[in-house]
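Q: I am new to this structure and should like to learn how its features are read. May we take them one at a time?

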Amino acid sequence: MPLSLSQSSIPSHSHFLQFQPQHHHHHHHPPKPLSLSLRIHNSTITNTTIKTHNTFQFLKPYILSQHKPILCGWLCSAISVYSLSNLLSKFSKIATINAPDTLPLAALLVARLIATYAQHALLWEASLNAVYNLRLHVFDRVLRKELAYFEANDALSAGDIAYRITAEASDLAVTLYTLLNTIVPSTLQLSAMMMQMLVISPALSLISAMIIPCMVLVVAFLGKELRKISKETHISIAALSAYLNEVLPAILFVKANNAESCESARFKRLALMDYSAKLKKKKMKAVIPQVIQAIYFGVLCILCAGSVVISRGSFDRYSLVSFVTSLLFLIEPIQDVGRAYNEWRQGEPAAERLFAMTRFKNKVVEKPDAVDLERVTGELKFCDVSFGYNDDMPLVLDGLNLHIRTGEIVAIVGPSGGGKTTLVKLLLRLYDPTSGCMLIDNHNIRNIRLSSLRRHVGVVSQDITLFSGTVAENIGYRDLTTKIDMERVKLVAKTAHADEFIRKLPEGYKTIIGPRGSTLSGGQRQRLAIARAFYQNSSILILDEATSSLDSKSELLVRQAVQRLMQNRTVLVISHRLETVMMAKRVFLLDNGKLTELPRSTMLDGHKDSLLSSGLVI
């Protein structure tokens, strides 16, 4: 496990940890020209506008897909505002209302309450549904990204990706709801209350309107600052999540190296970054209620002015009560607009980070006319294949040529980092070679559909991947979304010599094996992985250090199983174990990107000492 997180997952916040006083050196610099400052300012505004536009375009289809609950919610808000407006208009006549007239008032009040509830429920449904569909799309895009997206030097960590799809998507749901609940409902209520106030007293309405521009200016400024701080908060918590996803699965390694204090210090540093970012955000959000207090002071001033008007006999106290009530209900949508703007500024970075995960352009692209091979015999050809992970790095494979006949077992040995696993990645078309081509049954793999290619190539890697589920679900993983063939599961388990230990488990094939198969031993996990490859029934089988976790007896049994399966199948064995290598008809050495065939005599007792001493086999 690396001892430092990648630069992509941790923001640069080293200044949070510098508690010593800073020594500033004063230099006299000529002032920037005014035109340059204006150009920089205008450029910043333009970039922000473009980002906001792109974010809206990203969210637009998900919002439009929920047009029915949104329109129904807005219709309910119109009914709610209409009921409120009628209630307030009757306040000025409350002294003349008789007992029979109270029934319409009660009906209006009930209509207001029911419509308001329906408005919130429908808009929440629309927001959560939109984010649900967004999550599905983003996760689907992540699954379809090529391997380079996850293995590049600047790749996102698994923790960061998980945080974006879970926590940040949830934050986005709140943002969408706030926007939907503001666009039409707040506008309707704002318009209705302004009309109500104008009817009662145009003069007092003008005084009230003077407060609104001040509110808009303050909220706009706070929203801009809040967006910057929110982005820092999202990055800091994502870094913390990424760190925990990295260190907790490696707890055995941490304890074995007495690294608890080291990891505690790293966690403290990241937690401090998150604390600092969140504190700045909360302080900024604490300013907003003070703006609301200023509005209420404005209300007090209007009350004073109203009392003067009343003393002159312009209108009675009931009209004043109706006016002030309308003003209070006018303040509510203004607050909602401010809240929605600030909520958008907080949620925009989350939407941008989700959007960023959908923009990655794959280099490995399936051709529109790619063929789907029903079956293959398993003949493999590597023709002048060269490959390097980066342009500025040496080639991992350099002009490699190899022909593997149908049903042949071929072993490849070589030093670590020599390109053996890279060869497997190229065959699965997780990467495309820099030059040259690979053929399966004389079909260039670039002309084969990816799903078809990977259906015909089964892999058992040294890095065993098991999921939290039953034994049967892990073996029949290919049919997990359809129906797993239990008879076939048991047959391949017997072939891989896994049936014996599976039957001893508490619930046999229905036993839950825990996260990453944590309840099983290394050898048991390895045999389950081999059984899964047999279940896939591929014509080409790749064993990448597949016997590394097996004891001698289990390895012998697996070798026998592989030999039984080799008819009409091609097996490519990558291993350091001499016993496994000896299964092959031909053995090749891959070193410095070049492939060299080793004579069979090299494997015999009299000559294998040189291989053992070189460390190519053990």
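A: We begin with one residue: Glu-168 has its place in helix 5. Helices (H or I, at least four residues) and strands (E, at least two) are DSSP runs, numbered from the N terminus. The model is a predicted one, in which local features need pLDDT of at least 70 and side-chain atom pairs count only at pLDDT 80 or more, while totals for chains, interfaces and linings use all residues. Residues are numbered from 1 along each chain as its sequence is written, and side-chain values use heavy atoms, with hydrogens and water left out.

Q: Is Glu-168 buried or exposed?

A: Buried means under 20% relative accessible area, exposed over 50%, and partly exposed in between (1.4 Å probe, protein chains only). Glu-168 is buried, because its relative accessible area is 0%. The C-alpha atom of Glu-168 is separated by 8.1 Å from that of Gly-347, although the two positions lie 179 residues apart along the chain.

Q: Which side chain meets that of Glu-168 in a salt bridge?

A: A salt bridge is a side-chain nitrogen of Lys or Arg within 4 Å of a carboxyl oxygen of Asp or Glu. Here the partner is Arg-353, at 2.8 Å from N to O. The pair links distant parts of the chain, since Arg-353 belongs to helix 11 (residues 317-356) and Glu-168 to helix 5 (residues 158-183), 185 residues apart. Arg-353 is also buried, with a relative accessible area of 11%. Both residues take part in a network of salt bridges that links Asp-160, Arg-164, Glu-168 and Arg-353.

Q: How many salt bridges does a search of the whole structure find?

A: The search finds 14. One of them joins the side chains of Asp-398 and Lys-594, at 3.6 Å from N to O. Asp-398 lies in strand 2 (residues 397-404) and Lys-594 in strand 10 (residues 594-598), so this pair ties together parts that are 196 residues apart in sequence. Asp-398 is partly exposed at 29% relative accessible area, and Lys-594 counts as partly exposed at 44%. Another salt bridge is formed by the side chains of Glu-500 and Lys-504, at 4.0 Å from N to O. Glu-500 counts as exposed at 57% relative accessibility, and Lys-504 counts as exposed at 66%.

Q: How far apart in space are Pro-349 and Thr-55, C-alpha to C-alpha?

A: Such a reading sets separation in sequence beside distance in space. Pro-349 and Thr-55 are 9.1 Å apart, C-alpha to C-alpha, with their positions 294 residues apart in sequence. Pro-349 is placed in helix 11 and counts as buried at 1% relative accessibility. A further case is Gly-407, in the loop between strand 2 and strand 3 (409-413). Gly-407 is 29 residues from Gly-378 in sequence and 6.9 Å from it in space, C-alpha to C-alpha. Gly-407 is buried, with a relative accessible area of 11%.

Q: Which residues have a positive phi although they are not glycine?

A: Phi is a backbone angle, and its sign is the point to read. Arg-429 has a positive phi of about 55°, and Asn-442 has one of about 65°. Arg-429 sits in the loop between helix 12 (420-427) and strand 4 (435-440), where it is buried at 3% relative accessible area. Asn-442 sits in the loop between strand 4 and strand 5 (443-444).

Q: What volume does the second largest pocket have, and which residues line it?

A: On a 1 Å grid over the protein atoms alone, a pocket is an open set of points where a 1.4 Å probe fits, with protein on both sides within 12 Å along at least five of seven lines; lining residues have an atom within 4 Å of a point. Grid points are joined across faces, edges and corners, and a volume is the space filled by probe spheres set on the points. The second largest pocket has a volume of about 560 Å³. Its lining consists of 20 residues, of which Ala-148, Lys-363, Tyr-389, Asn-390 and Tyr-431 lie nearest its centre. By class, the lining has 10 nonpolar, 4 polar and 6 charged residues. Ala, Val, Leu, Ile, Met, Phe, Trp, Tyr, Cys and Pro count as nonpolar, Asp, Glu, Lys and Arg as charged, and the others, Gly among them, as polar.
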